[in-house]
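Subject: Model for your review

Dear colleague,

I am passing on the structure below, together with some notes on what was found in it. Please read them with the coordinates open beside you.

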Amino acid sequence: MAPKRGGKVAAAPAKKKTEKPVNPVFEKRPKQFGIGGALPPKRDMSRFVKWPKVVQIQRKRRILKQRLKVPPALNQFTKTLDKNLATSLFKMLLKYRPEDKAAKKERLLKKAQAEAEGKDSGSSKKPIVVKYGLNHVTYLIEQNKAQLVVIAHDVDPIELVVWLPALCRKMEIPYCIVKGKARLGTIVHKKTASVLCLTTVKNEDKMEFSKILEAIKANFNDKYDEYRKKWGGGVMGSKSQAKTKSKEKLLAKEAAQRMI
């Protein structure tokens, strides 16, 4: 016969817990996170932050540029100068920074004092400096006076500079696209600068400048035809990529079954 159900089973003897020796020096004080208690640990709340509209627009625009097909004229602005060459270029540009307001004021004051005393105010030679301003740089390119043109990759609206690479190539002037209009702005004492230009350099910098020009020509002027045909964008998100992969797998499976 089967054993009766519902009968009481003898309980197993309870194991005695071995108490660990308590160290009186280190007392256990658990934190109480109630009202008036300990502060809760910090959590990463960035996901729940309501970001400013400007930041939202920036992020949405970046995603859209990845998703949509970008024409070659705009896609060329994603191909920027590599880090090592960019640092050597910016070192060169920093040597030819134009004077700021304080320096100009001081120079004009000295000049006025010298003229008042009847002395010669010094050499009237123009200093060699970086040229900036879109209209000014365009004029220098058209007059074939520019030796190097530096364009920012994040000009907004991009239509302001989208035609510059074509003009530089037509006039056979080396040009490059670098990251950051703000970085270009720091060179000329402005918040931002869309384009900079060098017309000449000092004799001691000519060797280094020629090396930079050669590298820039190889990366931009010589590759213009290649960039002119290359479309950008068309990169979908991780979820949609996973969906397309699963669809492709299903289609491949169905095709394999038909073959049998």
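Strand S3, residues 148-152, is a convenient place to begin in this predicted model, since the strand is mostly covered, with five of its five residues buried. Leu148, Val150 and Ala152 point one way from S3, while Val149 and Ile151 point the other way, and all of these residues are buried.

The strand has partners in both senses. With strand S5 (residues 195-198), S3 pairs in the antiparallel sense over four bridges, whereas with strand S4 (residues 175-178) it runs parallel, again joined by four bridges. Ile151 can be followed in both directions, its bridge partner in S5 being Val195 and its bridge partner in S4 being Ile177. For Ala152, the bridge partner in S4 is Val178. As a general reminder, strands of a sheet pair through backbone hydrogen bonds, either parallel or antiparallel.

Taken as a whole, the sheet is open and consists of four strands in the order S2-S5-S3-S4, with mixed pairing. Its edge strands are S2 (131-132) and S4, each of which pairs on one side only. S3 and S4 also belong, with helix H6 (residues 164-170), to a right-handed β-α-β unit. Helix H8 (residues 206-221) lies across S3, S4 and S5, and runs at about 80 degrees to S4.

Turning to the packing, the largest nonpolar core has 45 residues, and those with the most contacts inside it are Leu89 and Val149. The elements that give two or more residues to this core are helix H3 (83-95), helix H5 (134-142), S3, H6, S4, helix H7 (181-187), S5 and H8. H3 supplies the largest share, namely six residues. Leaving aside residues up to four places away in sequence, Leu89 touches Leu81, Leu148, Val150, Cys176, Val178, Ile212 and Ile216; of these, Leu148 and Val150 are among the residues that point one way from S3, and Val178 is the bridge partner of Ala152. In soluble globular proteins, nonpolar side chains tend to be buried together.

One further point concerns helix H4 (residues 101-116), which has 16 residues and reaches 22 Å from its first C-alpha to its last, close to the 22 Å expected at 1.5 Å a residue. H4 is followed by Gly118, whose phi is positive, near 85 degrees.

With best regards

Notes
Residues are numbered from 1 along each chain as its sequence is written. This is a predicted model: local features need pLDDT of at least 70, side-chain atom pairs count only at pLDDT 80 or more; totals for chains, interfaces and linings use all residues. Side-chain values use heavy atoms; hydrogens and water are left out. Buried means under 20% relative accessible area, exposed over 50%, partly exposed in between (1.4 Å probe, protein chains only). Two strands pair if DSSP finds at least two bridges between them. A crossover is right-handed if, with the strands pointing away from the viewer, the path from the first strand over the helix to the second runs clockwise. The expected span of a helix is 1.5 Å times one less than its number of residues. Contact means heavy atoms within 4.5 Å. Axes are lines fitted to C-alpha atoms, for helices over the stretch in contact, and angles run from 0 to 180 degrees between N-to-C directions. A nonpolar core is a set of buried Ala, Val, Leu, Ile, Met, Phe, Trp, Tyr and Cys residues joined through side-chain atoms within 4.5 Å.
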